[in-house]
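The following exercises concern one protein chain. Please examine the sequence and the model before reading the worked solutions.

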Amino acid sequence: MSEEMLLLRKEMKSLINNTSTSVRIQAVNLSAELQKPDEEVVKVLVKTMNSDPSENVRLAAVNALGKFAQNDSVKKELISALENHESSYVQIKLINILSTIKAKEAIPTLDELIKNEHTEIFVKSEAKY
């Protein structure tokens, strides 16, 4: 990995724990500059997608991971997040990414979302589509 990429990764990791939502979004967006993230960057993005207190930061992390969704481990994390997320906006973004890459592995999860009585109607509609 180039020195520039190492510095970029280090900066991203230091900013992701900031108390400011906008700074955390900036940290997530730094990952977009990476051509191919290493496992450590993916772990940080997955953790952010799953546990950041701000829905906007979680959405930014989903967008960042979407860039690398062809990677099998990232795809699995996106499907897992779809199973566990309660945010309708995050669910819809995950559905859009998984359908864009034609992730057949996500079909059982989409079926469960459609059957779940607690799933928002517009999320069900997106899952059916």
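The model is predicted, and five exercises on it follow, each with a stepwise solution.

**Exercise 1. Overall fold**

Determine the secondary structure content of the protein chain and decide how compact the chain is for its length.

Solution. Step 1: the secondary structure amounts to eight helices and zero strands. Step 2: read from the N terminus, the order of elements is therefore α-α-α-α-α-α-α-α. Step 3: the radius of gyration is 15 Å, close to the 14 Å that the globule rule gives for 129 residues, so the chain is as compact as a globular protein of that length. Step 4: the C-alpha trace spans about 45 × 30 × 15 Å along its principal axes. Step 5: 47% of the 129 residues count as buried. Step 6: of the contacts between residues at least 6 apart in sequence, 57% join residues at least 24 apart.

**Exercise 2. The largest nonpolar core**

Which residues have the most contacts inside the largest nonpolar core, and which helix gives the most to this core?

Solution. Step 1: the core comprises 43 residues, and Val28, Met49, Leu65, Leu78, Leu94 and Leu98 have the most contacts inside it. Step 2: at least two core residues come from each of H1 (3–15), H2 (21–30), H3 (39–51), H4 (55–66), H5 (72–84), H6 (88–100), H7 (107–115) and H8 (121–128). Step 3: H4 gives the most, with seven residues. Step 4: for leucine 98, with neighbours within four places in sequence left aside, the contacts are Lys75, Leu78, Ile79, Leu82, Ala103 and Ala106.

**Exercise 3. Two loop residues**

Establish whether histidine 85 and lysine 102 are buried or exposed.

Solution. Step 1: histidine 85 lies in the loop between H5 and H6. Step 2: its relative accessibility is 9%, so histidine 85 counts as buried, the limit being under 20%. Step 3: beyond four places in sequence, histidine 85 touches Met49, Asn50, Arg58, Val90, Gln91 and Leu94. Step 4: histidine 85 and methionine 49 are 36 residues apart along the chain, with their C-alpha atoms separated by 9.3 Å. Step 5: lysine 102 belongs to the loop between H6 and H7. Step 6: with a relative accessible area of 65%, lysine 102 is exposed, because the limit is over 50%. Step 7: lysine 102 has a positive phi of about 55° although it is not a glycine. Most residues other than glycine have a negative phi.

**Exercise 4. The largest pocket**

Describe the volume and the lining of the largest pocket.

Solution. Step 1: the volume is about 200 Å³. Step 2: 13 residues line this pocket, and the closest to its centre are Leu98, Ser99, Leu110, Ala127 and Tyr129. Step 3: H6, H7 and H8 are the elements that give two or more residues to the lining. Step 4: H6 gives the most, with four residues. Step 5: the lining divides into eight nonpolar, two polar and three charged residues.

**Exercise 5. A residue of H8**

What does glutamate 126 touch, not counting residues up to four places away in sequence?

Solution. Step 1: glutamate 126 is placed in helix H8. Step 2: its relative accessible area is 24%, so glutamate 126 is partly exposed. Step 3: glutamate 126 touches Ile92, Ile95 and Asn96, residues up to four places away in sequence not being counted. Step 4: glutamate 126 and isoleucine 95 are 31 residues apart in sequence, and 7.2 Å apart in space from C-alpha to C-alpha.

Methods
Residues are numbered from 1 along each chain as its sequence is written. This is a predicted model: local features need pLDDT of at least 70, side-chain atom pairs count only at pLDDT 80 or more; totals for chains, interfaces and linings use all residues. Side-chain values use heavy atoms; hydrogens and water are left out. A nonpolar core is a set of buried Ala, Val, Leu, Ile, Met, Phe, Trp, Tyr and Cys residues joined through side-chain atoms within 4.5 Å. Buried means under 20% relative accessible area, exposed over 50%, partly exposed in between (1.4 Å probe, protein chains only). Contact means heavy atoms within 4.5 Å. On a 1 Å grid over the protein atoms alone, a cavity is a set of points where a 1.4 Å probe fits but cannot get out, and a pocket is an open set with protein on both sides within 12 Å along at least five of seven lines; lining residues have an atom within 4 Å of a point. Grid points are joined across faces, edges and corners, and a volume is the space filled by probe spheres set on the points. Ala, Val, Leu, Ile, Met, Phe, Trp, Tyr, Cys and Pro count as nonpolar, Asp, Glu, Lys and Arg as charged, and the others, Gly among them, as polar. The radius of gyration is taken over C-alpha atoms; the globule rule is 2.2 Å times the number of residues to the power 0.38.
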